[in-house]
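Reader: I've got a new model open on my screen and I'd like some help reading the backbone. Where do we begin?

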Amino acid sequence: MVPPLLFILILLLLLGSSEAERIGIYWGQDGNEGSLNETCATGKYSSVYIAGMAAFGNGQVPQLNLAGHCDPSSTGCIGIKRDIRNCQRRGIKVMLSIGGGVTSTNFSLTSLEDAKNMSDYLWGNFLGGSSSSRPLGDAVLDGIDFDIVSGNTSFMGDLARHLKSMSVYLSTATDCPFRDTILGSALDAGLFDHVSVKFYNNPYYDYTQNNADNLLSAWNEWATSLKGAKIFLGLEADPAMVPGGGYIPADVLMSQIIPAINNSPNYGGVVLWSRYYDKLSGYSTDIQSFQINQTANPLCTLQSLPGCRSRDGGFVERVGNMSTVGIKVYDVDNNNTHCCEIICRNNCSCDAYAPINHINKTGCQIWGKGTKFVRASGDIALPFYVSVALLQEEHPVHVVKPKVNRWWIWLIVGVGAALAIPMIFYLCRALSRKYKAKVERKKMQEKILHDIGGNAMLSMVYGKTIKIRMEDNCTIVYTGFYFLDFEEITNAYYLAIIPASFSP
């Protein structure tokens with residue numbers, strides 16, 4: 001029997017079983033957005049991209065820019081290592097974003113050697129390597145994000161290959177027109193673990209009022225062409241950042257866009273720019289609130305039948321009462337009894353269900369293991385839907401097993417007995433004869449001992465010198481301290497009766 005408290009916990013798990021939308025966020029370009037630790041502590045994000053490394057390559061010393069937070073050039077950002085570790089303890093990936101900006105020309109790679117040097121720098125200063133000049137201290141980041149939109153991009157793919165050879169987790173943010181002209185070969189080679197496709201600042205593909213056709217078409221092209229990487233929907237968190245259009249309201253995103261794309265096998269979630277604008281607009285909060293309060297009840301989705309439910313079983317309507325108080329699942333009018341049945345079928349601990357409003361059959365209450373159905377008695381009786389298994393437990397069906405004809409067993413027993421009885425008789429007779437013979441020998445031994453003499457035998461038993469004296473001056477003497485057996489005594493007896501002329 002499942003205790004009521006445990007059953008309630010199981011039910012709560014079912015109610016909260018839908019997975020929260022995965023949201024990535026860019027952080028680091030505004031001091032008013034709060035610290036990295038505060039960003040992760042909100043519980044809204046699954047990954048954070050530190051933006052970023054805005055200058056590198058072409059012989060220049062790479063420069064980290066965390067505007068308004070700290071000055072990396074004066075080792076002022078080393079303290080962020082604590083925030084990074086706190087985020088990672090919460091299961092949040094923290095990655096360094098390189099590139100960024102629409103007009104930046106401060107990053108470029110001019111040769112294969114330049115790409116190799118940059119990969120070594122990133123490995124030694126932010127990843128698993130070692131360096132005396134790590135800008136963020138000894139914290140080890142989870143990967144590198146490529147946000148490359150301009151500059152000399154000829155060898156960016158080679159940088160990705162060098163990093164991947166060291167098993168670095170890689171992501172990239174790319175514009176939505178397929179196919180990316182900067183990192184196309186690296187994408188085709190499957191070097192990136194996830195790709196964020198930016199659906200803003202691209203008028204043809206942007207969402208317009210009540211029209212997401214072009215957006216969905218571009219998404220499907222990415223989803224079907226890109227293999228091996230998770231694809232994220234890149235969005236602006238504040239409409240002020242996209243005055244020309246492309247902003248998708250959170251309710252539209254959750255009710256129209258996400259349901260149309262999350263069936264893609266490589267769908268990963270959404271990535272927002274940026275933490276500062278998300279803090280202003282509350283966009284990620286709206287996403288989560290809509291997911292929690294959406295009218296479609298996730299419990300009403302029929303799953304594959306669990307092993308505890310047989311396909312020929314189910315629930316039958318009975319009029320009466322239940323022995324315990326039911327657990328209310330919902331009481332709204334837009335979910336009927338059919339939804340309640342689905343909830344009960346999906347839950348092995350459910351043995352009965354019934355509507356809360358018996359007039360229009362809406363709402364849902366269920367009963368767990370340990371309850372019993374009480375048949376109608378008097379005027380107080382309501383319809384319940386009770387599992388067939390519960391009814392069988394209370395009123396088991398006795399199945400009369402047909403008699404099996406086992407004549408062959410009796411035949412074997414009879415033949416065995418017929419063979420065993422004569423053998424037993426023979427063994428008993430043989431034992432009887434053996435016993436009689438033993439008795440006769442014993443009597444003969446006693447007679448011989450009597451004829452020889454009890455005193456002589458007594459001497460033999462105790463190992464003294466034995467002397468047997470017979471008539472007619474015929475004497476046989478045995479001396480020595482030893483025991484004689486019956487055969488020796490008998491021989492002595494027969495020697496004693498031999499005539500004296502044969503005596504030594």
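Author: Keep in mind that this is a predicted model. Let's begin with Gly52, which sits in strand 2 (residues 47-57). The peptide bond leading into Gly52 from Ala51 is cis, with omega near -15°.

Reader: Where is Ser274, the residue after the cis bond from Trp273?

Author: Ser274 is in the loop between strand 9 (267-273) and helix 9 (275-281). For the bond from Trp273 to Ser274, omega is near -5°.

Reader: OK, now phi. What is the sign of phi at Asn58?

Author: Positive, at about 55°, although Asn58 is not a glycine. You'll find Asn58 in the loop between strand 2 and strand 3 (60-64). Asn201 also isn't a glycine and has a positive phi, of about 60°. Asn201 belongs to the loop between strand 7 (194-198) and helix 7 (213-225).

Reader: Is Asn201 buried or exposed?

Author: Exposed, because its relative accessible area is 53% and the cut-off for exposed is over 50%.

Reader: How do I read a sheet, then?

Author: Strands of a sheet pair through backbone hydrogen bonds, either parallel or antiparallel. Here, an open sheet of six strands runs in the order 11-13-12-15-10-14, with antiparallel pairing. Strand 11 and strand 14 (373-375) are the edges, each pairing on one side only. From one strand to the next, the twist averages 45°. Zoom in on strands 12 and 13: they pair over four bridges, and Ala354 stands opposite Gln365 in strand 13.

Reader: Which strands does helix 11 lie across?

Author: Strands 10, 11, 12, 13 and 15, and helix 11 runs at about 170° to strand 12. Eight of the 10 residues in helix 11 are buried, among them Cys339, Cys340 and Ile343.

Conventions
Residues are numbered from 1 along each chain as its sequence is written. This is a predicted model: local features need pLDDT of at least 70, side-chain atom pairs count only at pLDDT 80 or more; totals for chains, interfaces and linings use all residues. Side-chain values use heavy atoms; hydrogens and water are left out. Buried means under 20% relative accessible area, exposed over 50%, partly exposed in between (1.4 Å probe, protein chains only). Helices (H or I, at least four residues) and strands (E, at least two) are DSSP runs, numbered from the N terminus. Two strands pair if DSSP finds at least two bridges between them. Axes are lines fitted to C-alpha atoms, for helices over the stretch in contact, and angles run from 0 to 180 degrees between N-to-C directions. Contact means heavy atoms within 4.5 Å.
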